[in-house]
Amino acid sequence: QVDMVESGGGLVQAGGSLRLSCAASGRPITSPSMGWFRQAPGKEREFVAAFTWGGDTYYADSVKGRFTISRDNAKNTVYLQMNSLKPEDTAVYYCAVRSGFTYSSRWDSQGLYDFWGQGTQVTVSS
């Protein structure tokens, strides 16, 4: 069993910043890769950012230059620093982890990940 506990969501004015955290606990995870996804009301869940086990990072075009994904392996925690927030960033944000090596580069695919957090709400007002 792997538990993913998210925190850091909230309400912020446009142009402001938030930092999301996701801490994993339970059994050890082999060669973990981490990802962030988000889902707005009435819309499909979409990819935001990924941090692979090899140290590569990937971002959706809509957040490049504004969001930064990072990780602290000693704390089994992944972070998402969100700057210059826009109303269209409003969504429930989910963290995810993949266990094990993969040859796939589809870090934007939900099917690549094995465990998911419960989600945390981010609301950006105009």
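**Close-up views of a disulfide and a pocket**

Both C22 and C95 are buried, and in this predicted model these two cysteines are the starting point for the views described below.

**View 1. The disulfide between C22 and C95.** A disulfide joins C22 to C95, with a distance from S to S of 1.9 Å, which lies within the 2.5 Å cut-off used to recognise such a pair. The count by this rule comes to 1 disulfide. In general terms, a bond of this kind is covalent and is formed between the sulfur atoms of two cysteines.

**View 2. The strands that the disulfide links.** The pair C22 and C95 connects distant parts of the chain, since C22 sits in strand β3 whereas C95 sits in strand β9, which covers residues 91-98, and the two cysteines are 73 residues apart. The torsion about the S-S bond of C22 and C95 is about 40 degrees, and the disulfide is therefore right-handed.

**View 3. The largest pocket and its centre.** The largest pocket has a volume of about 210 Å³. It is lined by 14 residues, of which A24, I29, P32, N76 and T77 are the closest to its centre.

**View 4. The lining of the largest pocket.** At least two residues of this lining are supplied by each of the strands β3 (18-26), β7 (67-72) and β8 (77-82), and the largest share, 3 residues, comes from β3, the strand in which C22 is also found. When the lining of the largest pocket is sorted by class, there are 6 nonpolar, 5 polar and 3 charged residues.

Key: Residues are numbered from 1 along each chain as its sequence is written. This is a predicted model: local features need pLDDT of at least 70, side-chain atom pairs count only at pLDDT 80 or more; totals for chains, interfaces and linings use all residues. Side-chain values use heavy atoms; hydrogens and water are left out. On a 1 Å grid over the protein atoms alone, a cavity is a set of points where a 1.4 Å probe fits but cannot get out, and a pocket is an open set with protein on both sides within 12 Å along at least five of seven lines; lining residues have an atom within 4 Å of a point. Grid points are joined across faces, edges and corners, and a volume is the space filled by probe spheres set on the points. Helices (H or I, at least four residues) and strands (E, at least two) are DSSP runs, numbered from the N terminus. Ala, Val, Leu, Ile, Met, Phe, Trp, Tyr, Cys and Pro count as nonpolar, Asp, Glu, Lys and Arg as charged, and the others, Gly among them, as polar. Buried means under 20% relative accessible area, exposed over 50%, partly exposed in between (1.4 Å probe, protein chains only).
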